[in-house]
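Trainee: Please take me through one part of this structure in close detail. I would like to see the salt bridges, with the second largest pocket after them.

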Amino acid sequence: MIAEPLRHHDADVLIIGSGAGGATTAAILAEAGHDVLVVEEGPWVEQGSMVPFSLEQMDRQYRSGGVTVALGRPSIAYTEGRCAGGGTEVNSGLYRRPSEATLERWVRTHAIHEFSADEFFSICDEVETALNVSTVPGQHTPASERLRAGAAALGWQHDEIPRWMTYPDGDDADAGQRQSMTRTYLPRAVAAGARLLCEHRVDRLVSDGPRAFRAELTGPDGGPVTIDFGHVFVCGGAIQTPALLQRSGHRGLVGRALAVHPTVKLAARFDEVVNVSADVPVHQVKEFSPDLSFGGSASQPGLVALALTDNWAEMRRAVTAWPEIAVYYAAISSQGRGRVTALPGMRDPLVTYRLTRRDRAMLGQGLARLALVMLEAGALEVYPSFASAPIVRSRSDLAALTDRFTATSASVMTVHLCSTVPMGSDRAVAAADSFGRVHGADNVYVNDASLLPDAPGVNPQASVMAVAIRNARRFVETAA
């Protein structure tokens with residue numbers, strides 16, 4: 001006989017989402033003695049049970065199979081993790097701290113109180129130890145080496161980005177184990193007494209005035225579930241967090257300042273096998289940072305084919321040479337902003353994004369400069385990902401690339417989403433206070449990428465984890 005699923009739960013603290021923000025919050029609060037219940041919409045998937053960047057992984061661990069889009073001119077494709085551990089289970093594992101200048105900007109523009117760079121970076125030290133943030137032992141992948149060599153030939157600043165990985169077999173980089181939330185902070189939380197409820201979707205929070213007291217959910221069998229709580233931390237990411245808050249009656253600035261790192265891509269063919277389909281390059285080019293940076297993407301055969309589809313008539317013959325091809329990206333720090341809007345009766349929110357004229361120009365400049373890096377790295381042919389793009393074989397072809405490029409003809413995407421519930425004491429620009437409590441609410445907190453006042457110009461996970469730990473510790477200090 002199959003047991004009837006529980007239809008009601010109680011908790012001192014409800015945490016919605018188990019990614020970089022939710023898992024760290026759960027560990028800090030559970031270890032401080034709070035009764036913590038973590039709710040995750042997606043399943044628990046054992047790390048290593050799926051091929052990285054495969055279609056099976058996208059179907060099992062991403063929202064909507066990895067196919068979601070922010071509407072605009074151009075529209076921007078984005079991905080969200082939807083599983084225990086969230087995006088930490090599916091991303092590339094690259095880790096970089098934000099600059100001190102970024103922290104100072106956040107304090108200045110949003111009036112964040114008691115936001116010390118010294119405290120922030122001290123927490124980063126702690127996170128880096130917990131996740132074993134380190135560089136790759138032994139040799140780098142050929143695709144990563146090509147990117148490094150191209151930047152070095154141009155004299156452009158570049159370096160290896162460390163990752164949250166352990167290497168049990170010493171110098172064998174292929175045996176590395178991702179130190180995601182299911183390997184680190186979630187087990188810590190459970191060991192301290194936290195409970196984890198997977199495959200439960202929180203539909204809305206019920207409030208009595210400014211105080212929320214109940215969550216209404218849909219269980220794995222489609223039936224209703226409720227949770228009564230004393231406090232709630234919403235950690236569903238920069239899309240799902242504002243959508244849930246809006247469905248629960250929180251409007252104002254919630255969801256109105258989405259910030260992302262828009263990226264454009266190209267594929268480059270070399271005279272040797274460079275494709276490592278289960279890994280990504282760890283080198284990045286930061287010569288034009290923070291406005292523009294270059295790095296390497298997943299290059300599974302299907303993703304190589306996808307990179308060629310914008311001008312398939314001209315580029316399709318290259319697909320059979322996929323072992324010699326790797327995919328790279330140019331990412332910009334965008335001045336544009338987007339919105340997340342929960343619509344009545346719709347399961348997923350409407351997401352829109354507006355690039356500025358400067359953003360569109362920067363994408364074109366970035367793609368041309370990235371193509372130059374590839375040529376200097378020895379690429380035989382470069383295949384930019386936009387409609388009517390020329391095949392670039394020499395520097396003389398770069399002018400045609402620049403002339404033909406328009407952002408609306410390119411496949412623009414992002415994996416970094418931030419700033420939909422920005423924190424700070426200035427209510428003209430911030431939707432939550434300096435420690436993540438939603439303005440106008442007594443016991444509703446946000447503790448994920450939504451809080452970052454803008455996109456940090458680097459992978460945001462370090463920022464998310466440090467902010468979440470800071471805010472969770474403040475809650476422990478002040479909660480009655």
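Mentor: Here are the salt bridges, followed by the pocket.

This is a predicted model: local features need pLDDT of at least 70, side-chain atom pairs count only at pLDDT 80 or more, and totals for chains, interfaces and linings use all residues. Residues are numbered from 1 along each chain as its sequence is written, and side-chain values use heavy atoms, with hydrogens and water left out.

A search of the whole structure finds 28 salt bridges. A salt bridge is a side-chain nitrogen of Lys or Arg within 4 Å of a carboxyl oxygen of Asp or Glu.

Take Asp125 and Arg97. Their side chains meet in a salt bridge at 2.3 Å, N to O. The pair links distant parts of the chain, 28 residues apart. Asp125 sits in helix 4 (residues 117-130), and Arg97 in the loop between strand 4 (76-78) and helix 3 (100-110). Helices (H or I, at least four residues) and strands (E, at least two) are DSSP runs, numbered from the N terminus. Asp125 is partly exposed, with a relative accessible area of 42%. Arg97 is partly exposed too, at 28%. Here buried means under 20% relative accessible area, exposed over 50%, and partly exposed in between (1.4 Å probe, protein chains only).

Next, Glu114 and Arg474. Their side chains form a salt bridge at 3.0 Å, N to O. Glu114 lies in the loop between helix 3 and helix 4, and Arg474 in helix 12 (residues 461-478), so the pair ties together parts that are 360 residues apart in sequence. Glu114 is exposed, at 53%. Arg474 is partly exposed, at 26%.

Then Arg437 and Asp433. This salt bridge spans 3.6 Å, N to O. Arg437 is partly exposed, at 29%, whereas Asp433 is buried, at 18%.

Some bridges join up. Glu41, Arg63, Glu80, Arg82, Arg201, Asp203 and Arg347 form a network of salt bridges.

Now the pocket. The second largest pocket has a volume of about 510 Å³. On a 1 Å grid over the protein atoms alone, a pocket is an open set of points where a 1.4 Å probe fits, with protein on both sides within 12 Å along at least five of seven lines. Its volume is the space filled by probe spheres set on the points. The lining has 24 residues, and Pro52, Met165, Gly176, Arg178 and Ala278 lie nearest the centre. Lining residues have an atom within 4 Å of a point. Helix 2 (55-61), strand 7 (163-166) and strand 8 (177-178) each supply at least two of them. The lining divides into eight nonpolar, nine polar and seven charged residues. Ala, Val, Leu, Ile, Met, Phe, Trp, Tyr, Cys and Pro count as nonpolar, Asp, Glu, Lys and Arg as charged, and the others, Gly among them, as polar.
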